[in-house]
Amino acid sequence: MGRYVIGRILQLIPVLFLISLIVFAVMHLLPGDPALLMLMGAEGGAVPPERLVELREQMGLNDPLWMQYFRFLTNALQGDLGASLRFRVPVTDLIASRFPSTATLALAGLAVAVAIGMPLGMAAAAHKSGWVDTLCMTLSYIGSSMPVYWLGLLLILLFSFNLRWFPSAGGGDFRALVLPAITLGLLSAGVLARLIRSSMLEVLAEDYMRTAHAKGLSSRIVLWRHGLKNAMIPVVTMIGLQFGALLAGTVVTETVFSRPCLGRLIVTSILAKDYPLVQGAVLFLAVVYVTVNLLIDILYAWLDPRIRYGH
Amino acid sequence: MATKTVDLDPDVAAAIRQLAAEADAADTGPPKGTGREAFARFTHHPGAVIGAALLIAWPLIAIFAPIIAPYDPAELVSRARQAPSAEHWLGTDMLGRDMLSRVIYGARVSIMLGLISVAMGGIPGVLLGLLAGYFGGWVDTVISRLIDALLAFPSILLALVVIASLGPSIQNMMIAVGVATLPEYARLVRGCVLAVKEQAYVEAARLVGNSHMRTMFRHVLVNVNAPIVVLATLQVGNAILIGAGLSFLGLGAQPPTPEWGLMSAEGRVIIQRAWWISTFPGLAILSVVIAANLVGDGLRSALDPKMRLGA
């Protein structure tokens, strides 16, 4: 197990390296001049050319690209992602202050997705081709085909403006988290339900399930103890991938609900051309996503010994 | 798979000629009858048929928008924020433009987005997957690592980086969505090619003197086209969702373009007084995306009942 974990972590290094290269490369195709943007933001009006030359030199923008990338990488490894052009504070500070509420939202969304998707998929598999199955799959289709923001707006319309149960905007307390979490979770619930259904159907056809029935266990025990446990294995991986989708989904959800979190920060930074902030925040989210998937892989190997001995 | 120029045993030569004939049969597509059977399997799913009908209807609406739409989508035809009525079936927006006409014209943008981004992601993605799977070795290592790194970004995040670099506009949105969906194609095609490459007819195609290019496109690619068609169909829906999300955030289509995501964003601040402005464009997206998903799943089970795409 230890060897598997170390091997998996080592595999991560080239991926992380390439992620940083992709983010850097894409961001440096940017046609704008960051030094000019910075000066226009700070001093306004006409920018004196000598000041621009000086700042370009100071920011290292005259160096060859590979040298800029090398500097970006070594700084990033030391936890320095540069300073935001707009806020004039280190990017890492901004990420650290906004990320906890984004992570909370993604986790809450995941909880909603599992709480809804799992029973739905189980019910559909247990009553295959019946009306429960049709209903579950219809709901799951609708859930995974809806635009995130649209679902959010409908929930706001219903639960904030008409019923007045939850606030329509803002961060902070638990009540403000409910609608965004449901918005985010319902979309993944559909995907999850479909996956659990197909995984469950596969398990139900296994010989050991027939054996369990044959030795006289009640169908409830067979379904929940023998079925779910084995059907969960592919689902765990899927939950990991969904967590990444949820993390990214927060970008839109936070905008709909005006939550001051990391995703919202990325969007406003793109509009404000605050490129160090966009670069740093995207890099950070990608690293979080990769790390979560690594943890999931390890959990998967722990759940299913065939994986760790297979390699 | 190097070309061999040794003298062959007559039996072996005969066997190769037979395999070559099989390879040529692959040139003319699947054997007779399977197309009709697949069509029968497809029409057996009521969901797939409904989806196909919708998927045919929306492009027709888009093409004939000037004939169908009751008003000009940009013209201020009436009082602002009028609720749906006999005169304006879907009401008017915050400026007094006819919502029905805007939703009808919006189909043009979304259908274009779906097609262009699938081409932009699908063509390079398929090529990369084909090269990696067919040649293996260092070509595979380089491409696979790149794909892993791209897959490490949740697709909307990848789209955001591209938009950040190119600037928000409708063309850049299409490029961004294309790039965001590219790695999925590459991963799928690589996996399928790895399986097909081992088939005897591929080696036979090489042995009778076909070049790598011809073998790759005429013998390998045609045998992995079914999963590509399924993925592309599903990705049309995905692309429309990502694109609408970007436009909702203000990073895609810009006003006054009648784009569904943007229209929902425009109605967001006045949703309490004019629910219809945000609601109807979202409903349009839902119908297109559901249709694409239903058709994609229908094709998947029609083309090959055993075929599985990663969820």
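**Exercises on helices in chains A and B**

Val267(A) makes contact (heavy atoms within 4.5 Å) with Val251(A), Leu249(B) and Leu251(B), residues up to four places away in sequence being left out of the count. The model is predicted: local features require pLDDT of at least 70 and side-chain atom pairs pLDDT 80 or more, while totals for chains, interfaces and linings use all residues. Residues are numbered from 1 along each chain as its sequence is written, chains are lettered from A and ligands numbered from 1 in the order written, and side-chain values use heavy atoms, without hydrogens and water.

**Exercise 1.** Establish where Val267(A) lies and whether it is buried or exposed.

*Solution.*
- Val267(A) belongs to helix α11 of chain A, residues 262-271; helices are DSSP runs of H or I with at least four residues, strands runs of E with at least two, both numbered from the N terminus.
- Its relative accessibility is 0%, and Val267(A) is therefore buried. Buried means under 20% relative accessible area, exposed over 50% and partly exposed in between, with a 1.4 Å probe and protein chains only.
- Thr255(A), 12 residues away in sequence, has its C-alpha 8.5 Å from that of Val267(A).

**Exercise 2.** Describe the make-up of chain B in helices and strands, and its burial.

*Solution.*
- Chain B contains 13 helices and zero strands.
- Of its 311 residues, 53% are buried.
- Among contacts in chain B with a separation of 6 or more, 71% join residues 24 or more positions apart.

**Exercise 3.** Compare the span of α11(B) with its expected value, and locate its kink.

*Solution.*
- The expected span is 1.5 Å times one less than the number of residues. For the 24 residues of α11(B), 225-248, this gives 34 Å; the end C-alpha atoms are 34 Å apart, so the two agree.
- A kink of about 25° is centred on Gln235(B); the bend is the angle between axes fitted to the seven residues ending at a residue and the seven starting there.
- Of the 24 residues of α11(B), 20 are buried.
- Just after the helix, Gly250(B) has a positive phi of about 90°.

**Exercise 4.** Identify the buried residues of α3(B) and the exposed residues on the face turned away from them.

*Solution.*
- Helix α3(B), residues 46-63, reaches 26 Å between its first and last C-alpha atoms, close to the expected 26 Å.
- Ala48(B), Gly51(B), Ala52(B), Trp58(B) and Ala62(B) are its buried residues.
- Viewed down the axis, these fall within an arc of 130° and so line one face of the helix; the arc is that of the directions from the axis to the C-beta atoms.
- The face turned away from the buried side carries the exposed residues Pro46(B), Ile50(B) and Ile56(B).
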